[in-house]
Amino acid sequence: MANEKTDFELELARIDQGIAELNGIGSRVPVDSAQISKLAYLQYQRASLTGNLDALVVAENTLDHAITHLGPSGDLYFLKANIHFKLHRLDEVEKDLQAGRDLLQSPPGKALQGDLDFQLGRYESARAEYEAIIEEERTWDALARLAFFHFKMGDVVNADRFYDEAADELTAKEMRHYCWLELQRGVVDLSRGDYDAAQDHYERAERAYSGHWLVAEHMAELRGAQGNFAEAEKLYRDVVERIPRPDFQQVLGELYLTMDQPARATEWLNKAKASFLESAERGEVHYYHHLADFYADVEKNGPEAVRWARKDLELRRNFSTLSALAWALHRAGESGESVALMDEALASGAKDARLFKAAGLIYSASSPNGKGAEYLRAAAELNPKLRNFHVHR
């Protein structure tokens, strides 16, 4: 039926109703522990579901009020740590995990510590945390985290196995989580150039939880990679209309470049750049990586790319930020430091076609010893379709 609501719309309506019923308690004194915890969770859930990073601040303000009057509840600090993690305030995540009463002894707290370790380049610590949680309590999200770890380290077989096991742990009431798992599995296939398998996963995601903009965003990337630019454009424009974030605006602009429509590309790329810079001027850090990428690959402005990549590396030293700075330095013509940082990125054990391609180009520019050609071959083996349209995730 034309007026039938999607799963996304139904869940969002339930969340909004719950927030409305709790209207006004976010600043009320005395504080009702159960009610304010529920409000903060609903506000966090709404921000996460809609992809609205700015709305996370609303939940954070509610949590600050609750913590001031209720003390260091583990549940409240867990939510606060998740907000800080989404906004890349990783030093605050560490403080939250320490401050929350018994938080680091709980499976959710340990899982978030594993995520923090991964972002900070402490890969074996992250893996050990995930495996310890699974040994103690076999939850779908711990299994999914371990699957992601194996994917990034190039072990697709184990990534698939743990994603399978994660799906098996879900109930029929958790279809949004199943949708998310299917999207992650599609990303694995897309990263190997297997478009048919990726599409199967994305279609299952839509059937499991209809109307989610995140499914449309993943499907748009796939359509762009397949060369179906008209459908990719339609999907991305829908996503940008629903979720006007600058990272999505940049992707739409880059799609227009691929379609050889420079005027339309410039319109969207300028919007994205302005929003990235406004965010940074407000003291926010979660778009540093996007600014490094924008200046390196869109404007090809090496010095500016280096500036933002260094800021991101100061927050989290992992293979992604190391390779981003290495690539920015390559753009700026500074080969010595670029090679050293790429060496460090590869020493992490990460295996990714884009990482290997960047390494190949950097090594080829700095030395004729054949190392560059070796990594370019490895990149092509991992993803034979790497030259096609893709998104920096």
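**Exercise 1. Identify which residues form one aromatic cluster with Phe118.**

Solution. Phe118, Tyr123, Phe148, Phe149, Phe151 and Phe319 make up one aromatic cluster. Rings of Phe, Tyr and Trp (its six-membered ring) pair if their centres lie within 6.5 Å; planes under 30 degrees apart are stacked, over 60 edge-to-face, and the rest tilted. The model is predicted: local features need pLDDT of at least 70, side-chain atom pairs count only at pLDDT 80 or more, and totals for chains, interfaces and linings use all residues. Residues are numbered from 1 along each chain as its sequence is written, and side-chain values use heavy atoms, with hydrogens and water left out.

**Exercise 2. Classify the pair Phe276 and Tyr287, and state whether each residue is buried or exposed.**

Solution. Step one: the whole structure holds 15 aromatic pairs. Step two: the ring centres of Phe276 and Tyr287 are 5.2 Å apart and the planes stand at 55°, so this pair is tilted. Step three: buried means under 20% relative accessible area, exposed over 50%, and partly exposed in between (1.4 Å probe, protein chains only). Phe276, at 0% relative accessible area, is buried; Tyr287, at 9%, also counts as buried.

**Exercise 3. Describe the geometry of Tyr363 and Tyr375, and find the lysine over the face of Tyr363.**

Solution. Step one: the centres are 5.7 Å apart with planes at 50°, so the pair of Tyr363 and Tyr375 is tilted. Step two: both Tyr363 and Tyr375 are buried. Step three: Lys371 lies over the face of Tyr363, 4.3 Å from the ring centre. The criterion is NZ of Lys or CZ of Arg within 6 Å of the ring centre and within 35 degrees of the ring normal.
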